[in-house]
Amino acid sequence: MNGVEPGTPCWTDLATPGLEDARQFYPELFGWTGRISPEPDAGGYTVFQKDGKAVAGAGPPATPEQVPVWSMYVATDDADLVATRVEAAGGQVVVSPFDVSTQGRMAVLADPAGAVFSVWQPMAMRGAELFNAPGAMCWNELVTPDPESAKEFYALVFGWHPEERPAGPVAYIGWRCGARIVAGMVPRAEPLPADLPAYWAVYFAVEDADATAARAAELGGTILVPPRDNPAGRSAALRDPSGALFSISTLR
C-alpha cells in the first residue's frame, strides 16, 4: 500500500480546540467528508475522507496550551526505538509512545529547533489511503532556522539523506529515504509566525491554488503567503479559522 514504507510520511492530523469549526471548514474547502470516532476515549477524533478514502484526521489538542497545529506522521516499524533515537540526537519526546487502541502505536517528537512531528507504527490503521491527488496530502516540508543541525538529526533518526535540489535563489533540500525523495527542507527565509520557530509544513494538493486560497479566506481562514509559482507547482500558505497553519499546492 502506498506511503507506509518506514521513513515515509504516512498520515497527517490536526490537533485543535476548534474541532467543530474544523469539521465545517475543511470539508467545505477540500470536499472532504468527516467520520467521527464512536470510541469514548477518542475525544471526537474525526477521520476525513476524500472519495471514500482516508486522507487526514482532526482531534482535540494533547494539552490545553497547545497551539492548533497540523502534524506529519512518519511511518516506522518501532515507535519506541525512534523515540530513543530522537533523545540521543538532541531532540525531545513530547508525548512518549502509546497505543491508539488497535489502530497503531505513536509518539509525538520534536527536533532540536523545536519542529514537532509524530511517528506511526501501523497496526489496523496503515495511514492515509490517498496521496498526491486533490484533497490529499502531497508534500511535507521542514521550515527551520538551522538546516545544518536538521541534516544530522533526521539522518540519525530516520536514516534520511539530504540532497540539494535546484530551486531558484534558495538552496532547497530534498530528504531521500531509499529510492524516494520523501520530504523537503527550506531555511527560514521570510518572517514566520512567532508561535512556530521551526515547523513541518503539511501540503494538500488542490486543482487551483488561487481559487482554494480565496475560498479559505471566505470561510474564515487567512492567507499567510499568497499563491505563487515554484518548481513543483503553485502553492500558498494558509491558516484555518482557529489559526492552524497548512499549505496547498497544485501539482505540475
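What separates Arg-23 and Glu-20 in helix 1? About one helical turn, because the two residues are 3 apart in that helix. Every close-up below comes from a predicted model.

**View 1. A salt bridge within helix 1 pairs Arg-23 with Glu-20.** Here the closest N and O atoms sit 2.8 Å apart. Glu-20 is exposed, with a relative accessible area of 55%, and that counts as exposed because the class begins over 50%. As background, side chains of opposite charge can pair when their charged atoms come close.

**View 2. Helix 1 packs against helix 4, with axes that come within 10 Å.** The pair involves residues 19-30 for helix 1 and residues 209-218 for helix 4, and their axes cross at roughly 155°. Angles over 145 degrees count as roughly antiparallel, so that is the label for helix 1 and helix 4. As for handedness, helix 1 goes past helix 4 in a right-handed crossing. On the helix 1 side, the contact is made by Phe-25, Glu-28, Leu-29 and Phe-30; helix 4 brings Thr-212, Arg-215 and Ala-216. Sort that contact by class and you get 4 nonpolar, 1 polar and 2 charged residues.

**View 3. Arg-180 reaches Glu-5 through a salt bridge.** Which parts of the chain does this pair tie together? Arg-180 belongs to strand 12 (residues 180-187), while Glu-5 is in the segment before strand 1 (9-15), so the link joins parts that are 175 residues apart in sequence. The closest N and O atoms are 3.1 Å from each other. Arg-180 is partly exposed at a relative accessible area of 37%, and Glu-5 is partly exposed too, also with 37%.

**View 4. Arg-165 and Glu-163 meet side chain to side chain in a salt bridge.** The N to O distance for this pair is 3.5 Å. Arg-165 is partly exposed, its relative accessible area being 36%. Glu-163 comes out at 25% relative accessibility, which again counts as partly exposed. Elsewhere, salt bridges with shared partners link Glu-28, Arg-215 and Glu-218 into one network. The total count for the model is 11 salt bridges.

**View 5. Ala-201 sits in strand 13 (residues 199-205).** Is Ala-201 buried or exposed? Ala-201 is buried, with a relative accessible area of 5%; the cut-off for that class is under 20%. Set aside residues up to four places away in sequence, and Ala-201 touches Trp-139, Asn-140, Glu-141 and Ser-247. For Asn-140 there is also a backbone number: its C-alpha atom is separated from that of Ala-201 by 5.6 Å, although the two residues are 61 apart along the chain.

**View 6. Ser-118, in strand 8 (residues 116-122), is shown with its contacts.** Ser-118 has 1% relative accessibility and counts as buried. Which residues is Ser-118 in contact with, leaving aside neighbours within four places in sequence? The list has Ser-71, Met-72, Tyr-73 and Val-74, together with Met-106, Ala-107 and Val-108.

Terms used: Residues are numbered from 1 along each chain as its sequence is written. This is a predicted model: local features need pLDDT of at least 70, side-chain atom pairs count only at pLDDT 80 or more; totals for chains, interfaces and linings use all residues. Side-chain values use heavy atoms; hydrogens and water are left out. Axes are lines fitted to C-alpha atoms, for helices over the stretch in contact, and angles run from 0 to 180 degrees between N-to-C directions. Helices (H or I, at least four residues) and strands (E, at least two) are DSSP runs, numbered from the N terminus. Angles under 35 degrees count as roughly parallel, over 145 as roughly antiparallel, 65 to 115 as roughly perpendicular and the rest as oblique. A crossing is left-handed if the near helix is turned anticlockwise from the far one by less than a right angle, and right-handed if clockwise. Contact means heavy atoms within 4.5 Å. Ala, Val, Leu, Ile, Met, Phe, Trp, Tyr, Cys and Pro count as nonpolar, Asp, Glu, Lys and Arg as charged, and the others, Gly among them, as polar. A salt bridge is a side-chain nitrogen of Lys or Arg within 4 Å of a carboxyl oxygen of Asp or Glu. Buried means under 20% relative accessible area, exposed over 50%, partly exposed in between (1.4 Å probe, protein chains only).
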